[in-house]
Amino acid sequence: MRSALALVAGTALFLGAAQAQELRVGFMATFTGPGANLGQHLRDGFLLGVDHLGGRLGGLETKLFIVDDQLKPDVARQEVDKLLEKEKVHFVVGVVFSNILLAIYKPVIESGAFLISANAGPSQIAGAQCSERFFSTSWQNDQTHSALGKYAQDKGFKRVFLLAPNYQAGRDGLTGFKRYFKGTVVDEVYTQLGAVDFSAEIAKIQAAKPDAVYAFMPGGPGIALVKQYAQAGLTRQIPLLSAFTVDDTSLPALGAAAEGLISASQWAADFDNPANQRFVADFRKKYGYVPSYFAAQAYDAAQFIDAGVKGVNGKLDDKAALRDSLRRAQFPSVKGKWKLNTNHIPINDFYYVTPGKLPDGTPAMVKGELVFADYGDEYAKDCPMRW
Amino acid sequence: MKSEYRATALDPALLVVQLLNGVQLGLLLFLVASGLTLVFGILDVINLAHGVVFMVGAYVAASTFLHSGSLLLAAAAAPIAAALLGLVLDRLVLRFLYERSHLDQVLATFGVVLFVDEAVRTLFGPAALPFPLPASLEWSLPLPGGTSYPAWRLVIIAGGLVLAAGLFGILHRTRAGMLVRAAANDARMLEMLGVDVRRLFLLVLGAGSALAGFAGALAGPIMAVQPGMGDNVLILAFVVIVTGGMGSVQGALLGALLVGLVDTLGRAFLTDLVRTLLPPAAANEVGPALASMAIYLLMAIVLLIRPQGLLSVRRAAR
Amino acid sequence: MSAVRTRGGHGLAPLLFVLIALAILSAELWAGPYYLKLLSRAMILALAALALDLVVGVAGLVSLGHAAFLGVGAYTVGILAEHGITSGWIQWPIALFASAAFALVIGALSLRTRGVHFIMITLAFAQMLYYAANSLSRYGGDDGLTIWNRSEFATFFSLADRSTFAWTCFVILLLSYLLLARVVASRFGRVLRGAKDNERRMEALGYPVARFRLVAFTLSGTLAGLAGVLLANLTEFVAPAYMSWHRSGELLAMVVLGGLGSLYGAIIGAFFFVLVEEALARITTHWALVFGPFLILLVLLGRGGLVGLLENLGRR
């Protein structure tokens with residue numbers, strides 16, 4: 001079985017060599033269905049990154065293939081097979097959702113290509129199943145949750161009510177929160193996937209009277225939750241901390257309902273390093289909306305590939321050299337610093353962020369105090385890679 | 001880390017609030033389900049496109065409110081636009097499906113769902129539309145036990161009750177309503193008696209769509225107004241009318257209230273209940289899973305005991 | 001679309017299988033490995049659609065929950081592989097048994113209802129299984145489960161080889177078609193078709209219609225489970241998304257697209273669906289704007305589905 005795969009990978013390598021002066025990049029994200037908004041942020045960020053590099057990543061003529069995973073694992077697998085075997089890409093980049101990343105992980109790392117996640121960071125890939133063919137420009141899923149757990153702990157909240165969707169990422173998220181929160185968990189409620197009514201949960205919160213609520217509720221349900229939380233008059237009574245719920249993708253729809261709510265991030269639009277200022281200004285000029293961390297991570301992904309390929313002088317066939325070059329790659333990240341952990345996932349500074357205004361008055365998430373400096377994820381120790 | 005999971009099931013004040021929540025969800029579902037069940041009962045059409053009518057209602061209400069700042073205007077525009085959409089869909093697609101098999105209807109209207117969802121995404125973008133409430137409705141009614149009830153939820157309950165009463169009034173007190181009920185039993189007989197059944201069909205479709213559009217306007221401020229928002233609601237509405245008995249408006253009301261209550265109470269108390277039987281970690285897995293399945297379990301049980309639903313309409317053979 | 005009348009023969013089926021075989025051959029020789037996988041996926045969905053056609057097209061029972069059996073088959077492979085049991089000789093029979101058992105129980109309960117209610121109760125059971133799979137956190141829950149080793153058949157053959165995999169799918173699809181064609185042509189099949197038109201008459205003639213239907217439903221669920229086993233091996237991954245109601249709806253669309261009740265129509269429908277999806281998705285992410293109206297037109301104009309269309313052309 002391995003030999004057959006190696007043979008195919010070898011063929012891809014051989015064909016790759018024949019057209020060595022061209023860099024082929026596949027970009028996969030969700031462009032249809034409920035997650036389409038996030039896919040758009042991710043793609044626009046990446047395209048701006050490529051644009052800023054003159055359309056040539058690593059100084060090579062760059063051919064980009066953009067595909068839609070439709071948030072269906074088997075469709076994602078088919079699309080990635082197409083990227084790997086038909087388009088013979090050197091890099092697969094993007095991916096909003098963890099289940100899609102997991103679905104394409106094995107085929108990509110077993111082929112000759114590198115997989116660069118610009119968002120999803122499931123624990124399996126950060127830990128025991130890490131690979132030298134996988135890199136991330138975002139984070140491990142738990143990190144944002146842990147940062148908020150630490151924030152709750154630092155703020156002295158004693159009793160916290162936890163809320164997340166009833167799926168794996170929800171459970172992992174709450175586990176991440178509890179890692180640094182040492183107070184009492186009043187209740188831990190898991191809601192139905194795609195739920196839009198939270199009246200029952202809000203009544204439970206009111207009855208439990210916690211010091212704070214911690215919610216992980218991405219997408220449409222998150223918007224519904226924040227609106228309903230505000231309508232119940234709770235926003236001013238019980239602080240709502242949340243991850244991937246109140247961010248620059250949902251803020252336009254939330255408006256005033258999100259005022260004063262707290263989240264955590266390794267990036268915000270008001271970071272004042274020059275790379276970020278250029279990124280945010282050009283992004284808003286080109287696409288007409290405020291970028292989110294999705295866009296920022298994808299922008300970094302383009303810079304990261306550029307730096308990695310430059311480090312091997314465009315020689316894409318020596319995979320070991322390319323891997324080493326990616327590990328050493330340095331570029332002006334919009335986060336202000338760039339450092340990889342042993343499992344190829346960035347070590348980030350985490351700030352608490354809250355809805356505010358950019359200098360010109362446009363609503364955006366803005367950074368608050370530093371919560372975690374140089375925070376590497378907890379799963380890296382399970383990853384056998386050493387370098 | 002300590003955990004103090006409280007047994008909330010015994011708190012009577014909380015129980016009252018949760019019952020109210022269940023009724024409110026039920027009334028919202030009824031507004032969507034009543035149109036669905038009427039169209040099925042009278043036109044014999046399974047109309048999956050009913051969910052996108054709900055979505056378009058929410059979109060029209062949100063855009064109207066954002067541009068005019070008037071909630072009343074938004075509440076009026078949504079059902080009108082929805083009724084128009086319903087009639088346009090009838091002209092373009094549904095009228096060709098009246099005599100076709102249910103399977104054909106499901107597929108063709110599924111095609112409508114694909115198209116309208118994507119058209120809305122193309123026109124408005126994939127991001128959710130803002131739909132804030134005016135400050136005059138940003139308050140909540142304090143209730144004993146530290147809980148409170150948001151004003152907008154009261155509006156939903158009131159709106160749902162008024163429309164339900166109006167609908168039953170029309171169905172049982174007017175000539176048009178009598179004809180609609182008669183058509184639900186035997187449309188062909190009515191046609192032979194010289195009634196313009198086509199016009200009746202249009203009336204039913206327009207009214208049903210208007211109800212769904214109004215439900216979209218009511219749900220807009222509590223949901224995320226985004227493409228595909230009608231899909232989940234449609235599935236719930238189907239569960240409602242199948243449980244209640246397809247074609248029956250009373251059945252839809254009964255089914256909606258049952259589904260609303262079972263869903264809300266399941267989410268509110270099931271996990272606590274399971275915690276009395278299982279260790280907390282296991283209960284946290286089993287409880288939410290059961291709560292998610294609760295309404296489907298309800299529907300399956302009802303269908304196993306009464307295969308035609310709770311209140312079914314007696315119909316002439318077609 | 002009215003069902004295509006099967007006049008006992010195989011109609012276009014022999015031609016269809018020859019074409020699929022030629023497609024596999026040409027993918028091996030020229031088009032490249034990606035097309036082998038695309039063909040494999042089409043054949044797997046064709047197998048599921050074929051199984052569904054037995055219930056929908058032949059017996060007239062519209063099931064909107066067949067993706068659940070696909071999921072049961074796929075999850076059996078995934079869960080056994082997670083526990084280190086990778087032998088196909090063990091995995092496949094267990095997967096078939098599991099999907100048969102689920103189909104038997106769900107069928108026995110669902111068949112108490114008729115018409116629209118049958119559609120909804122099969123949907124309800126599929127949703128319950130979907131939520132159950134979502135909360136299987138030991139096996140990845142919503143994230144799904146990577147299958148690190150495909151089913152192994154010792155020294156006989158290896159599914160890791162794309163050609164072998166495609167031909168395996170081909171043989172399984174062909175055998176399943178022959179089996180179902182045989183079933184449909186038998187007395188059993190005649191009773192199913194008869195009961196679709198007039199249930200009471202068949203019962204009056206002394207046929208145990210309910211039991212026949214349950215057997216058909218179970219057989220159909222088992223074959224859908226087999227499709228799930230193949231899908232798990234193709235994608236090396238299982239996730240609850242495999243059993244979402246959207247997938248059930250797509251399977252139904254394939255059956256109707258192809259033409260109800262002809263069995264090979266379902267295969268044509270599945271191929272058509274996969275290829276159109278692939279072609280449209282390549283052109284635009286707004287492919288639903290084209291696919292939606294297309295679906296509507298096909299239902300409104302193309303009575304008898306693609307098979308009906310082809311047969312009409314042939315008659316001219």
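This is a chat about the contacts chain B makes in a predicted model, with a look at one serine of chain C.

Trainee: Let's start with B and C. How many residues of each chain are in the contact?
Mentor: Chain B puts in 39 residues and chain C puts in 36 residues. Remember that the model is predicted.

Trainee: And what area is buried there, and what share comes from carbon and sulfur?
Mentor: About 3,600 Å² is buried between chain B and chain C, with carbon and sulfur atoms giving 78% of that. On the chain B side, the residues losing the most area to chain C are L103(B), L107(B) and L304(B), which together make up 18% of what that side buries.

Trainee: Which elements of chain B supply that side?
Mentor: Those giving two or more residues are α4 (102-124), α8 (229-244) and α10 (280-305) of chain B. The biggest giver is α4(B), with 13 residues.

Trainee: How do the residues on that side split by type?
Mentor: You get 28 nonpolar, 7 polar and 4 charged on the side of chain B that touches chain C.

Trainee: OK, how many salt bridges and polar contacts cross from B to C?
Mentor: The rule finds 0 salt bridges between chain B and chain C. For polar contact, it finds 5 residue pairs, both residues at pLDDT 80 or more.

Trainee: Switching to A now. How many residues meet there, and what area do the two chains bury?
Mentor: In chain B, 50 residues are in contact with 45 residues of chain A. The two chains bury about 3,800 Å² between them, and 48% of it is on carbon and sulfur atoms.

Trainee: How many salt bridges does the rule find between B and A?
Mentor: It finds 5 salt bridges across the interface of chain B and chain A. One links R267(B) to D197(A), whose closest N and O atoms are 3.0 Å apart. There are also 17 residue pairs in polar contact between these chains, both residues at pLDDT 80 or more.

Trainee: What kinds of residues does chain B show to chain A?
Mentor: The side of chain B that touches chain A has 22 nonpolar, 16 polar and 12 charged residues.

Trainee: New topic: S248(C). Where is S248(C) found, and why does it count as buried?
Mentor: S248(C) is in helix α10 (residues 245-258) of chain C. It counts as buried because its relative accessibility is 1%, and buried means under 20%.

Trainee: What does the side chain of S248(C) reach?
Mentor: It reaches the backbone oxygen of L64(C) at 3.5 Å. Setting aside neighbours within four places in sequence, S248(C) is in contact with L64(C), G65(C), H66(C) and A67(C).

How values were computed:
Residues are numbered from 1 along each chain as its sequence is written. Chains are lettered from A and ligands numbered from 1 in the order in which they are written. This is a predicted model: local features need pLDDT of at least 70, side-chain atom pairs count only at pLDDT 80 or more; totals for chains, interfaces and linings use all residues. Side-chain values use heavy atoms; hydrogens and water are left out. Contact means heavy atoms within 4.5 Å. Buried area is the accessible area (1.4 Å probe) that two parts lose on being put together, summed over both. A salt bridge is a side-chain nitrogen of Lys or Arg within 4 Å of a carboxyl oxygen of Asp or Glu. A polar contact is a pair of N or O atoms within 3.5 Å; within protein, one must be able to donate a hydrogen and the other to accept it, and residues adjacent in sequence count only if both atoms are side-chain atoms. Helices (H or I, at least four residues) and strands (E, at least two) are DSSP runs, numbered from the N terminus. Ala, Val, Leu, Ile, Met, Phe, Trp, Tyr, Cys and Pro count as nonpolar, Asp, Glu, Lys and Arg as charged, and the others, Gly among them, as polar. Buried means under 20% relative accessible area, exposed over 50%, partly exposed in between (1.4 Å probe, protein chains only).
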